[in-house]
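Please examine the protein shown below together with its sequence. The report that follows describes selected strands, one helix and two loop residues.

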Amino acid sequence: MANCNWKGLQVPARMSSRLPLALFRCSRTLSPLLRPRLAFSMSSQSPAAGTEPEIPHFEFAEEPLGLPASEGFGYFQGRPGLVFGPDKRFKLQTKLGFGTTSSVWLARDSIRDTHVAIKILSGFATSLNRERKLRELEVLQRLSSPKDSSDPSSRCVRLLDHFYYPGIEEDGEHLCLVTELFWSNVQAFQDADTEFIPITSLKRMLRHLLLGIAHSHERGIAHTVHPLPDIKPDNIMIELGPFWTTEAIDKWLAENPPRTYPPERSLNKMVSVLISHFFPPPTLDQIQFCNFKLADFSSDDVKLFHPATNTVAAQIVSDQTTDDITPLGLRAPEVVLGGEWNESVDIWTFGCMVFTLLTKVPLFEPMVAEEYNASEVDVLLYQMILFCGEFFQPDLLRRCSRSIDYFERDCSPRKFTSFPRKTFEECILSTGRPLSPEDMAGVTDLMTRCLRLDPKNRATAQELLTHPWLAQTKST
């Protein structure tokens, strides 16, 4: 998830008919489609004592309720206990999290007598889905066709149902996406445990992630799209497994009843925002029994931990809506250099994920190098050369419109002249992660098959599933 601090968000009280796009304090830029048209500022940027602010502000603890869909908002204002959906089958029980275009709720399905997650899109995001400017529903439907709905090998989050629900006041209509409920995500697990993921569990996790990528590629969907979330630990979901039975969830709900923040001023009224609740992440002992799925096929970034709230704007490969894909440190070289791209961008990101899940740190860390007058992109491309052990070739650079900004005519980088190799093995050892010689050889070979500078040379997801190191995984 992006490091968006929704705590203390402030929204101007005075609105004009055409207001500037929102300015979010985030670690990455939001898509122009998703930027609300009210200007935000953070509470830490309040005017100095004794001075008057130009525009009065509202402050919200979590999602800003009571702001109109026409201005980029229209968040769902329901409460636990609401019974809605087809045949009134779903009863809201608690809020699990929220994001830039939605809130997500734990609900009880009265027909199946089980718990589900319902992602309720804001009125603004719902209108964008209807206009096909956002395509979350379309992508989830493509991934969740009947013949795959119960196939465990698909390893993608399943859309169980969807419906529209009328909002109140000026919230607009809400698209409600019903999905399976998950325990947590891998990022939450890693944040809660200081130890490295055991190799056996890591292999299982990577194999399940590849199955999800392969399934999405078979449906013509590239998962990795920026400026929204991408393939990363936040988006690798942990299934409920044997630990969270219906009875266990009911017990957790009883022990964690819904609570609200103190009333907050919104546009035309006071609002009480529900505090998000989420399951505690699994322990190191529990993770070895868990299964994993790939999620985030929307265009939302969720603040708090719940799988159904995490989202990446997946794209249908044959009908792309943007070229701005993945955060810079995970971005494939052809994207960085302005070339055409396809589903192989997911394979590059998967290779980066292998390193991150293994070591708990990123492989590539773009930064400005002032001593070389080098930008973040210059440094990233340099790191790619050093770590991947190959130079950019003329054939690839000719296919990329921005190559001239970073490379000379002889294909050498403009900002650097020395290229001391740092192998994947050296990168892993520098993090302190202990590995046996067999595991070191296996994991570095897997990364090498993913992290090729030219996408034509990368393995496919199906090919990687047969990799000898991953083939040692005991079960699917």
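The text begins with a sheet, continues with a second group of strands, and ends with two backbone angles.

This is a predicted model, in which local features need pLDDT of at least 70 and side-chain atom pairs count only at pLDDT 80 or more, while totals for chains, interfaces and linings use all residues. Residues are numbered from 1 along each chain as its sequence is written, and side-chain values use heavy atoms, with hydrogens and water left out.

**The six-stranded sheet**

Helices (H or I, at least four residues) and strands (E, at least two) are DSSP runs, numbered from the N terminus. Two strands pair if DSSP finds at least two bridges between them. Strands of a sheet pair through backbone hydrogen bonds, either parallel or antiparallel.

Six strands form an open sheet with antiparallel pairing, in the order β4-β5-β6-β7-β9-β8. Its edges are β4 (83-84) and β8 (159-166), each of which pairs on one side only. Helix α1 (residues 123-130) packs on this sheet and touches β7, β8 and β9 (173-180); contact means heavy atoms within 4.5 Å. The direction of α1 makes about 85 degrees with that of β9, where axes are lines fitted to C-alpha atoms, for helices over the stretch in contact, and angles run from 0 to 180 degrees between N-to-C directions.

Within the sheet, β6 and β7 are joined in the antiparallel sense by eight bridges. One bridge links Leu106 to its partner Ala117 in β7.

**Strand β12 and its partners**

Strand β12 (residues 236-239) points Ile236 and Ile238 one way and Met237 and Glu239 the other way, and all are buried, that is, under 20% relative accessible area (exposed is over 50%, partly exposed in between; 1.4 Å probe, protein chains only).

Which strands pair with β12 over three bridges? Strand β10 (residues 182-185) does so in the antiparallel sense, and strand β15 (residues 292-294) also pairs with β12 in the antiparallel sense over three bridges. Met237 takes part in both pairings: Met237 is the bridge partner of Asn185, and Lys293 in β15 is the bridge partner of Met237.

**Two residues with positive phi**

Asp113 and Lys360 each have a positive phi although neither is glycine. The table gives their loops and accessibility.

| Residue | Phi | Loop between | Relative accessible area |
|---|---|---|---|
| Asp113 | near 55 degrees | β6 (102-109) and β7 (114-121) | 48%, partly exposed |
| Lys360 | near 75 degrees | α8 (344-359) and α9 (376-388) | 28%, partly exposed |

The loop that holds Asp113 therefore lies between β6 and β7, two strands that pair in the sheet described above.
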